[in-house]
Amino acid sequence: MRKRAFVCLGILLAVTTACSGSSTADKPKQRPAAVSSASASDFNGDGYSDLVVTDSGATVQGVHDAGEVVVVHGSAKGPDTARRKVIVQNDLGLGKAGPGGNFGAHSLGADLDSDGYADLVATAGRKTLFVVWGGKRGLSASGAARLTGMSPVAGDFNGDGYTDLVSTDTDTDVGTLSLGPFTRAGEPEHTVRLDLAPEGEPFTSGDDIATPSAAGDVTGDGRDDLVVTWSIYGDGDYTSRATVLYRGAADGRLTKGPRVKNAQGKDLYGQAPVTADIDKDGYADIVMGLACETRGDPMPPEGGSRVEVSYGGPEGQSTRLKPVRITEQAALPGSPKFAHCGFGHAVSAGDTNGDGYADLAFGGQVGTDAVGRPTVILLLGSAEGLTTRGARLFSQLTPGIPGSDAIEVGFGQETALLDTDRDHSAELAIGSSSSPGGTDPIVWVLPGSARGISASRTVTFDQGALGIAHTAGRGSYGFGR
């Protein structure tokens with residue numbers, strides 16, 4: 001039986017990225033009107049995106065690494081910890097959490113039952129998905145559903161306006177597309193089996209795996225496409241080596257497209273891809289980072305640590321804009337030097353200034369030694385694609401960002417961009433590691449506006465404010481989708 005890699009993400013921020021119409025000859029078809037208007041993480045239907053913080057390593061009722069999820073509802077002032085809810089697996093009435101269950105390690109928001117409220121999908125163990133249903137009062141543990149699968153990705157893959165869910169079987173490359181709407185028992189309208197198995201060079205081993213990674217309308221036909229990462233196994237870990245786009249289809253039978261290529265015609269690959277419309281042409285673009293690889297010892301990838309962008313188009317990749325690679329040698333403010341494997345992790349996307357172009361945030365570590373300064377880099381979208389013009393760097397030395405740079409060594413280990421205050425400009429949320437005692441910040445939220453992200457009104461949350469139990473050692477908090 002082959003082994004799979006599991007990554008505990010920590011903090012989740014679910015976002016939807018809308019594609020605007022294109023003025024080009026390849027203008028994408030209009031998506032059918034959705035049955036539900038819920039945003040991906042608006043669990044109580046008030047129009048504000050909600051912040052979801054997960055601690056998959058939390059000790060719950062004496063069980064180590066059982067995991068927990070905290071929902072902080074959005075408001076006119078952003079995330080409001082006075083309106084938060086803590087959810088653990090034991091609350092769901094669908095089986096007790098076991099040691100190492102890591103409830104919430106992979107979590108996402110999606111309106112599966114099409115009632116106008118986003119629902120929470122959270123993994124547990126190696127083959128279980130829990131669905132916690134949203135409603136007027138937010139998520140309710142009562143009546144949750146239990147499904148089988150892993151690596152969930154949500155999208156409208158057949159273009160009928162209902163949210164669908166892709167997941168994979170344990171230790172196989174067989175995927176299941178569950179077409180919505182779902183019943184409250186977790187039953188989909190219909191299911192389609194998907195063959196996602198890697199093929200061709202360098203995928204010659206039975207240990208190679210395929211992982212559903214993201215969804216978005218890359219081809220502009222009104223249906224979401226599935227982004228799949230193909231990885232090889234070696235030296236105790238999986239290493240991504242190709243990205244494949246499976247095109248949406250009216251009957252749900254996704255069509256495997258060509259492997260996504262970089263500007264040199266070679267396989268473009270990275271970690272945790274996301275989709276967003278960076279150049280506002282109506283096609284979702286595929287973005288991923290590749291800070292480091294583990295082949296024996298952690299090492300920078302061939303070509304260096306980087307962020308990769310493949311622009312969408314009718315055939316899956318744009319003919320107008322070539323794929324772009326942003327490396328640690330990019331022209332950034334202050335000409336920073338980055339530490340070993342210290343550039344390009346935890347990529348997220350969202351519109352931070354309301355101009356309709358998706359922007360990118362990702363983590364880095366400035367400094368050439370082992371104690372480099374954790375930093376978050378923000379790059380802006382434009383009609384020409386991703387640009388370093390107007391780039392911003394944020395660290396705990398940035399005026400307005402509280403916390404000790406010496407203590408919060410995990411600052412920026414995850415990022416997310418979403419609009420929790422409904423001002424049409426995404427906030428930048430930054431995840432970190434907790435310190436023993438739980439009194440230091442573990443989440444920073446920097447507000448967005450027409451002028452972009454501002455650190456002057458940064459809001460921070462510690463474990464106590466989020467209702468996360470204080471446990472020995474350092475917890476790990478990040479952002480999922």
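# Why is it called that? A talk about a predicted model

Mentor: Let's start with a pair of strands: S18 (residues 285–290) and S21 (residues 306–310) run antiparallel and are joined by 5 bridges. Keep in mind that this is a predicted model.

Trainee: What makes S18 and S21 a pair?

Mentor: Pairing asks for at least two bridges between the strands, and S18 and S21 have 5. They therefore count as paired. One of the matches is Ile-286, whose bridge partner in S21 is Ser-310.

Trainee: In which sheet do S18 and S21 sit, and in what order?

Mentor: They belong to an open sheet of 4 strands with the order S17-S18-S21-S22, and the pairing is antiparallel. From one strand to the next, the twist averages 20°.

Trainee: Why do S17 and S22 stand at the edges?

Mentor: Strand S17 (271–276) and strand S22 (324–327) each have a single partner strand, so one side of each has no neighbour in the sheet.

Trainee: Which other open sheet is built from 4 strands?

Mentor: The one with the order S27-S28-S29-S30, again with antiparallel pairing. Its edges are S27 (414–418) and S30 (459–461); each has a single partner strand, so one side of each lacks a neighbour in the sheet. Direction ignored, neighbouring strands here are turned by 20° against each other on average.

Trainee: How do you know that S28 and S29 pair?

Mentor: Strand S28 (residues 427–431) and strand S29 (residues 443–446) share 4 bridges in the antiparallel sense; the requirement is at least two, so the pairing holds. Within it, Ala-429 stands opposite Val-445 in S29.

Trainee: Now to burial. Why does Thr-168 count as buried?

Mentor: Its relative accessibility is 1%, and buried means under 20%, so Thr-168 qualifies. Thr-168 lies in strand S10 (residues 164–168). Leaving out residues up to four places away in sequence, it touches eight-residue company that includes Met-150, Val-174, Leu-196 and Pro-212.

Trainee: What makes strand S11 largely enclosed by the rest of the structure?

Mentor: Of the 6 residues of S11 (residues 174–179), 5 are buried, so the strand is largely enclosed. S11 pairs with S10 over 4 bridges in the antiparallel sense, and there Leu-165 stands opposite Ser-178. S11 is also joined by 6 bridges to strand S12 (residues 190–195), running antiparallel; one match is Leu-179 with His-190 in S12.

Trainee: What makes Asp-115 and Arg-184 a salt bridge?

Mentor: Their closest N and O atoms are 3.2 Å apart, and the cut-off is 4 Å, so the pair meets the definition. Asp-115 lies in the loop between strand S5 (107–110) and S6, and Arg-184 in the loop between S11 and S12, so this contact ties together parts that are 69 residues apart in sequence.

Trainee: Why do Asp-115 and Arg-184 count as partly exposed?

Mentor: Asp-115 has 31% relative accessibility and Arg-184 has 43%. Partly exposed is what falls between under 20% and over 50%, so both belong there.

Trainee: Asp-119 is buried as well; what makes it a case without a salt bridge?

Mentor: The nearest side chain of opposite charge, Arg-184, is 5.4 Å away. A salt bridge has to be within 4 Å, so Asp-119 has none. The side chain of Asp-119 does reach the backbone nitrogen of Gly-134, at 2.8 Å. Asp-119 is found in strand S6 (residues 119–124), and its contacts include Phe-43, Val-131, Trp-133 and Leu-139.

Trainee: How do you know that Arg-306 and Glu-308 form a salt bridge?

Mentor: Their closest N and O atoms are 3.0 Å apart, which is within 4 Å. Arg-306 and Glu-308 are both buried. Arg-389 and Glu-384 meet at 3.9 Å, N to O, which is also within 4 Å; both of these residues are exposed. Elsewhere, salt bridges with shared partners join Asp-113, Asp-115 and Arg-184 into one network.

Trainee: And for the whole chain, how many helices and strands are there?

Mentor: The chain has 1 helix and 30 strands. Buried residues make up 58% of its 481 residues, and a search of the whole structure finds 14 salt bridges.

Conventions. Residues numbered from 1 in each chain as written. Predicted model: local features only at pLDDT ≥ 70, side-chain atom pairs only at ≥ 80, totals over all residues. Heavy atoms only, no water. Helix = DSSP H or I, 4+ residues; strand = E, 2+ residues; numbered from the N terminus. Buried < 20%, exposed > 50% of the residue type's maximum accessible area, 1.4 Å probe, protein only. Contact = heavy atoms within 4.5 Å. Axes fitted to C-alpha atoms, helices over the stretch in contact; angles between N-to-C directions. Lys, Arg positive; Asp, Glu negative; His and termini not counted. Polar contact = N/O pair within 3.5 Å; in protein donor to acceptor, adjacent residues only side chain to side chain.
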